[in-house]
Amino acid sequence: MSEEFGPDFITVTDEDGNEFELEHLDTLEYNGNVYMAFFPAIEGEEGEDGEIVDVDLDDEEYGMVIMKVVEENGEELFSTLDSEEEEMEVYERFMERLFADEE
């Protein structure tokens, strides 16, 4: 039996109806809430010679996206974080976990 392992992708729709594909990195429970970290799923553009052109991953557009899982009418939805302080605390927790895996 062959099992394939790879990244998990989701498509989310913002309040303006725009769809974004995200790659799931990690899930974290912190202060009684569940948070999920994602990177935007990006495809390199094809150059003139057919080679894939690298994307500038330092661009803010490609940074980590953190969302809180909230329950509304019995359904789990993603929400933005409530404050910059909450965002920084949760970001630090995710970074600790990501770098702990490298050690």
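**Notes on Lys68, the pocket and the cores**

1. Lys68 touches quite a list of residues beyond its sequence neighbours (four places either way left out): Asn33, Val34, Tyr35, Leu77, Phe78, Ser79, Leu81, Asp82 and Glu86. Bear in mind that this is a predicted model.

2. Where does Lys68 sit? Its place is in strand E6. Is Lys68 buried or exposed? Its relative accessible area is 7%, so Lys68 counts as buried, the cut-off being under 20%.

3. One contact of Lys68 is worth a look on screen: its side chain makes a polar contact with the side chain of Glu86, at 3.0 Å.

4. Now the largest pocket, with a volume of about 630 Å³. It is lined by 22 residues, and the ones closest to its centre are Leu22, Val65, Ile66, Met67 and Thr80.

5. Which elements supply at least two residues each to that lining? They are strands E1 (8-13), E2 (19-30), E6 (65-72) and E7 (75-79), plus helix H1 (84-102). By type, the lining has 14 nonpolar residues, five charged and three polar.

6. On to the largest nonpolar core, which has eight residues: Leu28, Tyr30, Tyr35, Ala37, Ile66, Leu81, Val90 and Phe94. E2, strand E3 (33-40) and H1 each give two or more residues to this core. Apart from it there is another core, of six residues, including Val12, Phe38, Met67 and Val69.

7. Last, Ala37 from the largest core: leaving out residues up to four places away in sequence, Ala37 touches Glu23, His24, Leu25, Asp26, Met64, Val65 and Phe94.

Terms used:
Residues are numbered from 1 along each chain as its sequence is written. This is a predicted model: local features need pLDDT of at least 70, side-chain atom pairs count only at pLDDT 80 or more; totals for chains, interfaces and linings use all residues. Side-chain values use heavy atoms; hydrogens and water are left out. On a 1 Å grid over the protein atoms alone, a cavity is a set of points where a 1.4 Å probe fits but cannot get out, and a pocket is an open set with protein on both sides within 12 Å along at least five of seven lines; lining residues have an atom within 4 Å of a point. Grid points are joined across faces, edges and corners, and a volume is the space filled by probe spheres set on the points. Helices (H or I, at least four residues) and strands (E, at least two) are DSSP runs, numbered from the N terminus. Ala, Val, Leu, Ile, Met, Phe, Trp, Tyr, Cys and Pro count as nonpolar, Asp, Glu, Lys and Arg as charged, and the others, Gly among them, as polar. Buried means under 20% relative accessible area, exposed over 50%, partly exposed in between (1.4 Å probe, protein chains only). A polar contact is a pair of N or O atoms within 3.5 Å; within protein, one must be able to donate a hydrogen and the other to accept it, and residues adjacent in sequence count only if both atoms are side-chain atoms. Contact means heavy atoms within 4.5 Å. A nonpolar core is a set of buried Ala, Val, Leu, Ile, Met, Phe, Trp, Tyr and Cys residues joined through side-chain atoms within 4.5 Å.
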